[in-house]
Amino acid sequence: QERQVISLQGTLDLHVFALLTQDATTAISVTFYHSGQNHGTRTYFPQHTDAEDTPAEVLSAFMMQFYERHAPPPQVLVNSEPAYKNLLVEALSLKLGKKVDIAVPKLGPKRDVVALAVTNTQHMLESALSQTAQQRQALERLQALLAMEAPPQRVESYDNSHLFGKQAYGVMVVA
């Protein structure tokens, strides 16, 4: 809940990517800076089925997919170098129409921005893992309660109602 103030004066637009992996779950946060001002963060949990994928390969693949739908800024900061960085720089530069720089900053406010992004990503990853564990425990309790062979993979709930005998409706919610 503490306030973080990091000045990026003189910086135009940049994106900050932070990738962390824990317990076979990967979280990637993207923070958007425009004219040196933070314009929010979005965290993604990409699914990658190949256990052989390195974090650098996952980050590179994610960035290519991300920039298919978003315009790249002139500068991209990352907490670790993506695989195929030169190809990524070339592709993003072509899309933007000018040189795009991808860097892992070592000093100064840009390093502080990346450190903050890593901290935020760690919080989001821990929250997601906790939520997943809670859901797994709830499904295991349901399995025991209903004497099922395995935890349910799909839960459906239904509600049928009406308004004074008219305007009947039914709803199904699936989890």
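Biologist: What makes glutamate 81 and lysine 85 a salt bridge?
Modeller: Their closest N and O atoms are 3.9 Å apart, and a salt bridge is a side-chain nitrogen of Lys or Arg within 4 Å of a carboxyl oxygen of Asp or Glu, so the pair qualifies. Mind you, this is a predicted model, where local features need pLDDT of at least 70 and side-chain atom pairs pLDDT 80 or more, while totals for chains, interfaces and linings use all residues. Numbering runs from 1 along each chain as its sequence is written, and side-chain values use heavy atoms, leaving out hydrogens and water.

Biologist: Why is glutamate 81 called partly exposed?
Modeller: Its relative accessible area is 45%; buried means under 20%, exposed over 50%, and partly exposed in between (1.4 Å probe, protein chains only), so glutamate 81 falls in the middle class. Lysine 85, at 23%, lands there too.

Biologist: And what makes glutamate 156 and arginine 154 a salt bridge?
Modeller: Their side chains meet at 2.7 Å, N to O, so the cut-off is satisfied. The whole structure has 3 salt bridges.

Biologist: How do you know that the span of α1 is close to the expected one?
Modeller: Helix α1 is residues 55-69 (helices are DSSP runs of H or I, at least four residues, numbered from the N terminus). The expected span is 1.5 Å times one less than the number of residues; for these 15 residues that gives 21 Å, and α1 reaches 22 Å from its first C-alpha to its last.

Notes: Helices (H or I, at least four residues) and strands (E, at least two) are DSSP runs, numbered from the N terminus.
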